[in-house]
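Dear colleague,

I am passing this structure on to you, and below it I have set out what was found, for a reader who has not met it before. Please have it open while you read.

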Amino acid sequence: MDVPKEIFLKDYKAPDYYFDTVDLQFQLGEEKTIVTSKIVVSPGVEGISAPLVLHGHDLKLISIKVNGTELKGEEYKVNSRHLMLSTPPAVVFNLEIVTEIYPQLNTSLEGLYKSTGNFCTQCEAEGFRKITYFQDRPDVMAKYTCRIEADKTLYPVLLSNGNLIEQGDLEGGKHYALWEDPFKKPSYLFALVAGQLGCREDSFVTCSGRNVTLRIWTPAQDLPKTAHAMYSLKAAMKWDEEVFGLEYDLDLFNIVVVPDFNMGAMENKSLNIFQSRLVLASPETATDGDYAAILGVVGHEYFHNWTGNRVTCRDWFQLTLKEGLTVFRDQEFSSDLGCRTVKRIADVSKLRIYQFPQDAGPMAHPIRPHSYIKMDNFYTVTVYEKGAEVVRMYKTMFGASGFRKGMDLYFKRHDGQAVTCEDFYAAMCDANNAQLPNFLQWYSQAGTPIVKVASSYDPSSQTFSLKLSQEVPPTPGQPVKEPMFIPVAVGLVDSTGKDMPLTSVYSDGSLQTVSTDGQPVFTTVLQFKKKEEEFMFKNIPERPVPSLLRGYSAPVRLDSDLSEGDLFFLLASDSDEFNRWEAGQVLARKLMLSLVADFQQQKTLVLNPKFVDGIRSILRNTSLDKEFIAKAITLPGQGEIMDMMEVADPDAVHAVRNFIKKELAVQLKDDLLAAVKSNRSSEAYTFNHDSMARRALKNTCLAYLASLNEPDFVELALHEYKSATNMTEQFAALAALSQNPGQVRDDALLDFYNKWQHEYLVVSKWFALQATSEIPGNVANVQKLLSHPAFDLRNPNKVYSLIGGFCGSPVNFHAKDGSGYKFLGEIVLQLDKINPQVASRMVSAFSRWRRYDKTRQALAKAQLEMIVSANGLSENVFEIASKSLA
Ligand code: PHE
Ligand code: ZN
């Protein structure tokens, strides 16, 4: 490998040439595909001729013409990554390039490739250059047409972006279709699909009365499983009109399902492509979690039509401009259609479990990275999920209507453009007549800020003070950090559990908020923007318990001086439901950490009875939402606790979490059993919050009981497994049963496989369940599953289920004998030859190796070193592995 080149944001330069129109022609074939690209090129500055450098990778160049004349060898240069025309005309000219490609051999799943016999494309971020030579960068926006020619029997369906304007038969059993996209777009939004597909068709009338045809394409036998995706699409179209006034802009919207896909889904203009898991669902084969994911992702890709497509990114460093914003939009969409608190809890948990560790490790980067080697490596939880939190903070500060004004201004200014994060920030601030000093730091500083809070009450002056201090930890390349602008939503709870009305808050002698027009305010947003700042609430008649960072108003780690008593009090009575859950989590984290210390000192573990009481009263509280209860009685994950330790100890954390789980199960047996029984239902499956909440509570309680491995409860779980009429309950019962090694487990797993072997998405779940299992010595089992006939290293979804699943299970991946590390090291090298993007996502599991003890460090490091020194390593894996070692 040549030494991989790092690309820097600060080196951004506008392109020397723009492309006005791009006319593509594909002759799809079994041995080769011929791509003809005709581009109208205009110089950025008329009259000045700079070299025109086009990207290209894995292409065979057949010919190049400028204004109809074929170029001779000395008029251009080609190497493995570029095609350069040294002296193109200095005025508008026609460029025609013919290339030959081999999609049938493309296992990287970027560019044009084949999935189960059909042709499809994936161009984001830099896949278009594997189709033809092009200025493959998002600030080059053009109008496209696409003519596809292929065998009519093998590929009856031919799709591309925009409108179908012509189709017909050709000689030799072939046919063609000509598509035209009236909107300018960057190359990463180009798409083509050709194959044998059936479609579910429906329609949507937009707010201005236009009729849009909606089609979901999939192999014919899967069509019955597309109903929920179609429902989701229509709901998303309506929601975007209602909440943001955004209407769909073409007469046709297509979704295509492919089994082989690197990511979740892709927002190509009017031709979204999805991996199967995120479209196909039936009650029998998909869980509530799958249904919810489909709703969210169908929404996400649809919402990109405005946030991403109509307004796109100037360069890839700005990725969060479209992704953070679109994730925020899909989160809000799911909240509005389901339960806001429960959705918020799920999103914050995801951030904590996946993003916090990234932000504290060797791959830490700001939501807008400063540099990259392979852009593919920066489709991260930081850019997506933390990016969404940053967008959410604008809404927290400006309110829903202020946020909407900002969005309106953003589209008014930038429709049809490729822009930057500053443009979004400016639209938000300008629309609200606001200035947000140091808010832009969120785009440039990595690391999770730590906010400390000390509170005090002065009865004589009836003032309550919150002293806030912040610290952003050092991250690679950023040893010293500036203070951030942190919105802290606060309420003060009185001794009866009610919110106190807030009248005035002072900071630095100046007024920060006051209740407007005499209306009482119960939650106020403190604008915390210095290293240290004190906020004083006036007219506070008694010592309140502060409810801090309500709704999780900023992506920080909060370290408050609330006592255990205060936290139990908030758990029981905070009006902010998110903070009720949070109080329980803070208590659980403290409890787990102290038990981990006991475990390490070989003390007998004893569970604090107050904690059991707290959980019991949540479980018995019939006024609470059932899914909320399920979440509130679930302990923080092992990773969260390891994250808080000086040296992560997976064995201790595992032992402690299991201890608490079983202890709760023993002490709350009757309540748990009652919850399982009373939450059974004979109704047909429906996707609505109430029935999902019911199932969630039942399944959570069942898992507690089954963890005890007592005959009665094994019977109970078996009964639930056998009587289940939907995958949500069947799979949860299977998971409950498979917690304990033994014959019952083996039989249940085998039974499940036999039942579902013809449903590959269910088989993936079956792989994942075994992969994430915490039974001792599980690496051998996972190793064996690699050669299971249903497993396939070329299918990313299966890799994520089995290998990704395994790496997410702390006890076995971090097995002290190094067997888990060795397993991953070997597989990464094998995968890298097939699909570098997938290999690189897997190798990330090593990145936090320094968090563990010396023995584990040495074992993991050896694997990373072995990987970095391997021959022919991809840039993708090189970047992650080498940064992990740095
Ligand atoms: N842009 C896609 C999304 O967020 C993700 C994606 C990235 C898909 C790169 C494929 C390749 O919806
Ligand atoms: Zn996206």
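The model is a predicted one, and I begin with two of its helices: helix H9 passes helix H13 in a right-handed crossing. H9 covers residues 577-600 and H13 covers residues 650-667, and the two pack at an angle of about 115°, with their axes 9 Å apart. On the side of H9, the residues that meet H13 are Met592, Leu595, Val596, Phe599 and Gln600, while H13 brings Ala652, Val653, Ala655, Val656, Arg657, Phe659 and Ile660 to the contact. Sorted by class, the residues of this contact are ten nonpolar, one polar and one charged.

Next comes a sheet, which is open and built of eight strands in the order E6-E5-E9-E3-E2-E12-E15-E14, with mixed pairing. Its edges are strand E6 (69-70) and strand E14 (163-170), each of which pairs on one side only. Within the sheet, strand E5 (residues 60-66) and strand E9 (residues 93-101) run antiparallel and are joined by six bridges; Val66, for instance, has Leu95 in E9 as its bridge partner.

The surroundings of ligand 1 may also be worth your time. Around ligand 1 are Gln122, Glu124, Ala125, Met263, Ala265, Met266, Glu267, His300, Glu301, Glu323 and Tyr379, and this shell divides into five nonpolar, two polar and four charged residues. Strand E20 (265-266) and helix H2 (288-303) each supply at least two residues of the shell. Two residues of the shell, Glu124 and Ala125, are joined to each other by a cis peptide bond, with omega at about -10°. Ala125 is found in the loop between strand E11 (118-122) and strand E12 (141-151), and E12 is also one of the strands of the open sheet described above.

Finally, there are some backbone angles to look at, given that most residues other than glycine have a negative phi, and most peptide bonds are trans. Gln462, although not a glycine, has a positive phi of about 50°, and it lies in the loop between strand E25 (450-458) and strand E26 (463-471). Asn709 is likewise not a glycine and has a positive phi of about 55°; its loop runs between helix H15 (689-707) and helix H16 (711-723). Gln462 counts as partly exposed because it has 13 C-beta neighbours inside 10 Å, and Asn709 counts as partly exposed because it has 16 C-beta neighbours inside 10 Å.

With kind regards

Technical notes. Residues numbered from 1 in each chain as written. Chains lettered and ligands numbered in written order. Predicted model: local features only at pLDDT ≥ 70, side-chain atom pairs only at ≥ 80, totals over all residues. Pairing = 2+ DSSP bridges. Helix = DSSP H or I, 4+ residues; strand = E, 2+ residues; numbered from the N terminus. Near = placed C-beta within 6 Å. Nonpolar A, V, L, I, M, F, W, Y, C, P; charged D, E, K, R; others polar. Buried ≥ 20, exposed ≤ 12 C-beta atoms within 10 Å, placed from the backbone. Axes fitted to C-alpha atoms, helices over the stretch in contact; angles between N-to-C directions. Left-handed = near helix turned anticlockwise from the far one by under 90°. Contact = placed C-beta atoms within 7 Å.
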